[in-house]
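Here's a quick briefing to keep beside the viewer. Have the sequence and the model open, and skim the bullets by topic.

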Amino acid sequence: FNDTATTEIYTGEDTLSLHDALPIFEIADFEARAVSVRQREKDAEVVTALVAEARPRVGRRGQLPEWRFETPYDAPADPDAIARAVAALANLRAAKFIDLPDEATGLSAPALRLALEGNARRQVLLVGRPAPGQPRLLCAKLEDNAAVFLVEANELREWLTPRAALADTRPADFDPALVTGFTVSAGGRSITLHRLDGLGEDARWEIPVAPGSTATKRREADARLISRFLAGLAQLRATRRAPSVAGGLTLPSVRAPLAAAPAQTVELEFGAERIVLGFADDPDNGAGTRLVHAKGAPLAAVCDVSFLDGGQQNVEPSAWRRRTVAALPQGARVSGLRLTARADGKVVGEARLGPDGNWAGTGRLDPASSRRLATALMQVRATEFPTRDIGAGDFRYELRITDQVAAGATGASESFRTYLCTAPLNRTAVLVRDEGDGDDFLLETSLAEILIPLLGSDGR
């Protein structure tokens, strides 16, 4: 059996231990190059073919050989599932030899034909019915060998439903570092972002004023936020369905894409090449899941998208812009503060940095508070740019800041910033607007905790 140098004789009643069980294929799993599956269903034969090959792919560089479906469609197979399935097939062993008529084995018209191809050789395994009284063992034989034996059905379970079990769980497989730009579209609106230079969180991104974009002025985008979003897209995986029978496979939730246009799209740019991902409602109405489909792919996947934080539908520039609103250059400092109530124009606090480096202030801006606030205002960051009404109400206060930049022998030059502030939302949150910018934002917590007591309220 299997061209071994040693001849061993087993009777029909012999059951081989795992140690003694004989390997069926002469092709090792690392040598396997193709697998063809022919399944008999009623009066028809269903063919599924997979091949391992290296092929250039959008969003990847230096692509190594990978397993792909060749029939009935051209698509990648799931790398983990196909590796397990090919290893199980190549290492399949005969558990027991039997002597039964063809009517009992079902091998005259096998339910399954598995062809395993390696380097310049090909072997075909025929699989018939379960052994009488042993439903977990299947009758089988090699196409060119008359010996009939039993194999564990569990070792072939992926090959009994190869299209479902081996389907790629990734809607799109790409390297986030290679993305040069992307466009998010939702509700008839869109926004485009481009990478200027660098990689990952060290990259510099911009929100340009592009045709059809919601952006009305160029802004610098938040590289950390974009890095997380792109990594999240690359990590999308199909959810798993519960097995239909006890002990069965948990199959990935993949299906044919919907005919209707997706509710949101993300078009990823890799230089001149594109990957377009569409997001549609989950047909099974799963909470936090969407049907994700890469344009041109034969299958779509139901994925948990909760960790994308809604990025696939964020078309407002404020959702993507850089969180640093203002930052003074090295050597600059805040030299003046004035807090005004907008309702009546009354100055409720004012302070100035003296030539001796000490602060003098009146009202709510006493020297100690002024020093803390001035130091914190050297860099103003936002925790969020809300794209909806958060119930903060009208802007009640105006904070005018004088910045001083050393100008060498000619002394120092001054510039001004003005922030409008609502009443605090709570002890750590206040909505602010930079008058020279226009976007409302929630002030970073550390700065908000310094400013909020000066507004005369600890929050509503």
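Cys421 counts as buried, because its relative accessibility is 1% and the buried class covers anything under 20%. Keep in mind that this is a predicted model. Cys139 is buried too, at 0% relative accessibility, yet a search of the whole structure turns up 0 disulfides.

**Cysteines and the Leu431 neighbourhood**

- A disulfide is a covalent bond between the sulfur atoms of two cysteines, and the count of those here is 0.
- Cys421 shows up again in the contact list of Leu431, once neighbours within four places in sequence are set aside.
- That list for Leu431 also has Leu420 and Thr422, plus Pro386, Ile390, Ala392 and Phe395.
- Asp440, Phe441 and Leu442 are in contact with Leu431 as well.
- Leu431 sits in strand S28, which covers residues 431–434, and its relative accessibility of 8% makes it buried.
- For a longer-range check, take Leu431 and Arg218: they are 213 residues apart in sequence, and their C-alpha atoms are 23 Å apart in space.

**Helix H5**

- H5 runs over residues 223–234, so 12 residues at 1.5 Å each should span 16 Å, and the end C-alpha atoms are indeed 16 Å apart.
- Which residues of H5 are buried? They are Ala223, Leu225, Ile226, Phe229, Leu230, Gly232, Leu233 and Ala234.
- At the start of H5, the backbone nitrogen of Arg224 has a side-chain oxygen of Asp222 within 3.0 Å.

**Aromatics**

- The structure has 8 aromatic pairs.
- In the pair of Phe182 and Phe229, the ring centres are 5.7 Å apart and the planes meet at 45°, so it's classed as tilted.
- Phe182 belongs to strand S12 (residues 181–186) and Phe229 to helix H5, so this pair ties together parts 47 residues apart in sequence.
- Both partners are out of the solvent's way by the numbers: Phe182 is buried at 0% relative accessible area, and Phe229 is buried at 4%.
- Phe182 also pairs with Trp320, with ring centres 5.4 Å apart and planes at 70°, so that one is edge-to-face.
- This second pair links distant parts of the chain, since Phe182 is in S12 and Trp320 is in helix H6 (residues 317–320), 138 residues apart.
- Trp320 is buried as well, with a relative accessible area of 2%.
- Put Trp205 with Phe182, Phe229 and Trp320, and you have one aromatic cluster.
- Elsewhere, Arg400 lies over the face of Phe416, 4.4 Å from the ring centre.

**Gln312**

- Where is Gln312 found? It's in the loop between strand S20 (300–304) and H6.
- Gln312 is buried or exposed? Buried, because its relative accessible area is 4%.
- Phe229 of the aromatic cluster is among the residues that Gln312 touches, not counting those up to four places away in sequence.
- The other residues touched by Gln312 are Val184, Ser185, Gln264, Thr265, Val266, Phe279 and Val305.

Definitions and conventions
Residues are numbered from 1 along each chain as its sequence is written. This is a predicted model: local features need pLDDT of at least 70, side-chain atom pairs count only at pLDDT 80 or more; totals for chains, interfaces and linings use all residues. Side-chain values use heavy atoms; hydrogens and water are left out. Helices (H or I, at least four residues) and strands (E, at least two) are DSSP runs, numbered from the N terminus. The expected span of a helix is 1.5 Å times one less than its number of residues. Buried means under 20% relative accessible area, exposed over 50%, partly exposed in between (1.4 Å probe, protein chains only). A polar contact is a pair of N or O atoms within 3.5 Å; within protein, one must be able to donate a hydrogen and the other to accept it, and residues adjacent in sequence count only if both atoms are side-chain atoms. A disulfide is a pair of cysteine sulfur atoms within 2.5 Å. Contact means heavy atoms within 4.5 Å. Rings of Phe, Tyr and Trp (its six-membered ring) pair if their centres lie within 6.5 Å; planes under 30 degrees apart count as stacked, over 60 as edge-to-face and the rest as tilted. A charge sits over a ring if NZ of Lys or CZ of Arg is within 6 Å of the ring centre and within 35 degrees of the ring normal.
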